[in-house]
Amino acid sequence: MKFTKSFTDQAPLPQASLDAALEVLQSASLHRYQPMDSSACNPVAGLESEFAAWQGAKYCLAVTSGGQAMQLAMRTAGVRPGDSVLTNAFTLAPVPGAIHAVGATPVFVEMTQDLVIDLQDFAQKAANSGANCLLLSHMRGHLADMPALMAIAQSHRITVIEDCAHTMGATWAGTKSGNFGAFGCFSTQTYKHLNSGEGGFITTNDAAAVARAIVMSGSYMNYDRHQSVPQDHYFESARYQCPNLSARMDALRAAVLRPQLNTLDEAIAAWNHRYAVIADCLSRHQQLRIPEASALSQRVGSSMQFSLPAFGESDCLRFLEACRERQLDLKWFGRSEPMGFTSTHEHWRYVPPQSLPQTDRILATLFDFRIPLSFDDSDCRLLGSLLLECLDETLAGASS
Ligand SMILES: *Cc1c(COP(=O)(O)O)cnc(C)c1O
């Protein structure tokens with residue numbers, strides 16, 4: 001039996017997004033600081049206030065991408081060329097890319113088998129690396145023990161910037177990811193929790209910091225046209241000191257995003273339901289390990305990861321082949337070459353090579369797939385049972 005649904009499926013955009021997009025196109029006012037002659041609220045300014053309210057942060061700035069959000073957050077936090085910036089060894093390419101873009105050097109921190117940053121390795125590198133900043137990637141939605149992490153960061157005076165590309169809506173003890181560190185960075189790229197093709201947000205409670213970020217995002221002197229904005233005096237120095245890096249979000253993307261925000265909580269519940277159905281199937285197999293989450297954390301199950309710790313490379317390749325025959329398009333973090341969206345620290349050769357034996361061992365048998373909202377319960381059950389079938393077939397092949 002084959003799986004016929006696509007892992008790259010996209011939920012349709014709400015009709016309200018199409019209507020709002022058309023309205024923006026008809027007005028031809030695609031720039032966020034248009035129209036200049038009225039006090040009418042531009043969709044970007046409206047979206048920023050609405051996202052800040054949903055997130056529970058004082059300020060939100062909308063930008064061109066999640067990558068730009070991370071770059072602006074690091075610059076705003078005072079990361080300088082030549083600095084070291086701590087980050088997860090288990091992440092995706094835009095994270096080390098953002099660190100490189102601000103002239104800094106990533107220092108990778110090991111992961112645990114539950115796919116979060118290893119706090120022991122973090123504490124050690126916080127003490128010894130000379131870094132003043134941690135770009136914490138909540139990779140694939142797995143949250144570390146946030147109070148413990150923040151305590152380590154505070155004791156070493158390390159600014160934490162949270163990469164929430166996979167955790168928009170995830171919580172630790174009821175607090176949303178992005179609200180622990182100095183900044184939360186989000187992506188609205190198509191494969192994340194909101195879809196505008198490309199786009200991103202920075203959230204923060206720090207008035208002086210958001211003023212710098214707003215000017216750097218390319219506001220010229222139009223910061224008074226933001227709604228989610230601190231008082232004018234916070235711009236007194238920023239308006240002269242901060243370079244314009246032209247990373248504004250445009251009105252069309254904001255128009256497409258605003259209606260999606262209204263149904264985001266429903267989408268999160270729908271993802272978590274699908275995740276639970278698949279996890280229930282997979283948890284029946286002894287060879288397969290699903291990462292464990294603390295009872296205090298609430299993920300958004302928009303993707304799933306599992307490992308096959310007893311497998312060697314050839315077993316993994318045979319398992320992938322069995323999956324491919326059933327049209328199950330799994331990602332594997334153990335591949336020697338970067339492929340599609342998946343790459344690992346060894347592939348980022350612009351970064352000085354670093355020894356991460358624990359991460360390498362975990363990635364060697366780690367598999368990954370998206371859970372599109374177009375999968376219904378029966379798709380999820382079929383997916384689970386097909387994966388188990390592939391696993392049994394691989395194990396039978398290994399012993400024969
Ligand atoms: C997608 C992603 C980002 C941001 O990506 P953009 O494509 O620049 O919006 C950041 N971190 C992770 C882990 C991601 O997957």
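Buried residues account for 55% of the 400 residues in the protein chain, going by what is a predicted model. The accessible surface adds up to about 16,900 Å², and carbon and sulfur atoms hold 51% of that. As for overall dimensions, the C-alpha trace spans about 75 × 50 × 35 Å along its principal axes.

The chain is built from 13 helices and 13 strands. Its radius of gyration comes out at 22 Å, close to the 21 Å that the globule rule gives for 400 residues, so the chain is as compact as a globular protein of that length. Plenty of the contacts reach across the sequence: of those between residues at least 6 apart, 73% join residues at least 24 apart.

Turning to the strands, seven of them make up an open sheet with mixed pairing, and the order runs E1-E9-E8-E5-E4-E2-E3. Strand E1 (59-63) and strand E3 (105-109) sit at the edges with a single partner strand each, so one side of each has no neighbour in the sheet. On average, neighbouring strands here are turned by 25 degrees against each other, direction ignored. Strands of a sheet pair through backbone hydrogen bonds, and the pairing can be parallel or antiparallel. For E1, the partner is strand E9 (residues 200-204), and the two run in the antiparallel sense over five bridges. One of the pairs puts Tyr-59 opposite Thr-204 in E9, its bridge partner.

The sheet also has a helix packed on it, namely H6 (residues 146-155), which touches strand E4 (133-137) and strand E5 (159-163). The direction of H6 makes about 145 degrees with that of E5.

Helix H3 (residues 66-76) is another element worth a look, and it is mostly covered, with nine of its 11 residues buried. The glycines Gly-66 and Gly-67 are among the buried residues, and so is Ala-69. Further along, the buried stretch takes in Met-70, Gln-71, Leu-72, Ala-73 and Met-74, and Thr-76 is buried too. An α-helix has 3.6 residues a turn, so residues three or four places apart point the same way.

Both ends of H3 have something to show. At the N-terminal end, Ser-65 acts as the cap, with a side-chain oxygen 3.3 Å from the backbone nitrogen of Gly-67. After the helix comes Gly-78, which has a positive phi, near 95 degrees.

Key. Residues numbered from 1 in each chain as written. Predicted model: local features only at pLDDT ≥ 70, side-chain atom pairs only at ≥ 80, totals over all residues. Heavy atoms only, no water. Buried < 20%, exposed > 50% of the residue type's maximum accessible area, 1.4 Å probe, protein only. Helix = DSSP H or I, 4+ residues; strand = E, 2+ residues; numbered from the N terminus. Polar contact = N/O pair within 3.5 Å; in protein donor to acceptor, adjacent residues only side chain to side chain. Pairing = 2+ DSSP bridges. Axes fitted to C-alpha atoms, helices over the stretch in contact; angles between N-to-C directions. Contact = heavy atoms within 4.5 Å. Rg over C-alpha atoms; globule rule 2.2 N^0.38 Å. Areas by Shrake-Rupley, 256 points an atom, 1.4 Å probe, with all protein chains shown as cover.
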